[in-house]
Amino acid sequence: MTVILMPEAEETSYEIAEFVNSVNTDGAGDRWLSTFTQFIKGYAKSNVTYALCNDEVFAKAGLSCITYNGWVIAFKVEDSDFCVYHIARGSMLS
């Protein structure tokens with residue numbers, strides 16, 4: 001299954017990586033992004049059904065959610081693609 005970061009999610013992931021890099025040692029943002037991507041790939045499996053998000057807005061959009069170190073990753077499995085639509089801080093969601 002292919003992991004696709006939709007434009008908003010991709011932009012957010014790069015912003016987080018830039019922030020991590022700014023408050024840590026050089027290259028920390030790249031390492032965070034690599035680990036984050038590997039985490040998502042671990043969920044991108046065929047024939048798995050995920051429950052809808054607890055967040056009302058994401059659920060209405062038909063998105064499922066997983067969490068990674070306080071970040072909520074809202075996604076949808078479409079054909080053979082694992083499409084990540086949003087990455088949000090968990091504490092910011094209702």
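**View 1. Ala 61 in the loop between H3 and E2****.** Ala 61 is partly exposed in this predicted model, with a relative accessible area of 42%. The residue is found in the loop that runs between helix H3 and strand E2. To relate this spot to strand E3, look across to Phe 75: the C-alpha atoms of Ala 61 and Phe 75 are separated by 9.9 Å, while along the chain the two residues are 14 residues apart.

**View 2. Ser 64 and its contact with the backbone of Ala 51****.** A little further along we meet Ser 64, which lies in strand E2. Ser 64 counts as buried, at 8% relative accessibility. What does the side chain of Ser 64 reach? The answer is the backbone oxygen of Ala 51, at 3.0 Å.

**View 3. Asp 55, a buried acidic residue without a salt bridge****.** Asp 55 has its place in the loop between helix H2 (28–43) and helix H3 (56–60). Which side chain of opposite charge is nearest to Asp 55, and how far away is it? That side chain belongs to Lys 60, 9.8 Å away, and a salt bridge here would need a nitrogen and a carboxyl oxygen within 4 Å. Asp 55 is buried and has no salt bridge. Its side chain does have a neighbour in the backbone, though: a polar atom of the Asp 55 side chain lies 3.1 Å from the backbone nitrogen of Phe 58.

**View 4. The salt bridge of Lys 60 and Glu 56****.** Side chains of opposite charge can pair when their charged atoms come close. How many salt bridges does the model contain? The count comes to 1 salt bridge. Lys 60 forms a salt bridge with Glu 56, and the closest N and O atoms are 3.3 Å apart. Both residues belong to helix H3, and because they are 4 residues apart there, about one helical turn separates them. Are these residues buried or exposed? Lys 60 is exposed, and so is Glu 56.

**View 5. The hairpin of E2 and E3****.** Strand E2 (residues 64–68) pairs with strand E3 (residues 71–78) in the antiparallel sense, over 5 bridges. If you would like a landmark, find Cys 65, which stands opposite Ala 74 in E3. The hairpin has 2 residues between the strands. Asn 69 sits in this loop between E2 and E3. Most residues other than glycine have a negative phi. Asn 69 is not a glycine, yet has a positive phi of about 45 degrees. Asn 69 is also exposed, with a relative accessible area of 60%.

**View 6. The hairpin of E3 and E4****.** Moving on along the sheet, E3 is joined by 8 bridges to strand E4 (residues 81–89), and the two strands run antiparallel. Here Val 72 has Ala 88 in E4 as its bridge partner. This hairpin has 2 residues between the strands. Asp 79 has its place in the loop between E3 and E4, and its phi is near 55 degrees, a positive value in a residue other than glycine. With a relative accessible area of 80%, Asp 79 is exposed.

**View 7. Aromatic pairs around Phe 82****.** A search of the whole structure finds 9 aromatic pairs. One of them joins Tyr 50 and Phe 82, edge-to-face, at 6.4 Å centre to centre and with 80 degrees between the planes. Tyr 50 lies in the loop between H2 and H3 and Phe 82 in strand E4, so this pair ties together parts that are 32 residues apart in sequence. Tyr 50 counts as partly exposed at 21% relative accessibility, whereas Phe 82 is buried, with a relative accessible area of 0%. Phe 82 also forms a stacked pair with Phe 75, at 4.3 Å centre to centre and with 20 degrees between the planes. Both Phe 75 and Phe 82 are buried. Which residues share one aromatic cluster? Trp 32, Phe 36, Phe 39, Tyr 43, Tyr 50, Tyr 68, Phe 75 and Phe 82 do.

**View 8. Arg 89 over the ring of Trp 71****.** Our last stop is a charge and a ring. The charged end of Arg 89 sits over the ring of Trp 71, at 4.9 Å from the ring centre.

Definitions and conventions: Residues numbered from 1 in each chain as written. Predicted model: local features only at pLDDT ≥ 70, side-chain atom pairs only at ≥ 80, totals over all residues. Heavy atoms only, no water. Buried < 20%, exposed > 50% of the residue type's maximum accessible area, 1.4 Å probe, protein only. Lys, Arg positive; Asp, Glu negative; His and termini not counted. Polar contact = N/O pair within 3.5 Å; in protein donor to acceptor, adjacent residues only side chain to side chain. Pairing = 2+ DSSP bridges. Phe/Tyr/Trp six-rings, centres within 6.5 Å; stacked < 30°, edge-to-face > 60°. Lys NZ or Arg CZ within 6 Å of the ring centre and 35° of its normal.
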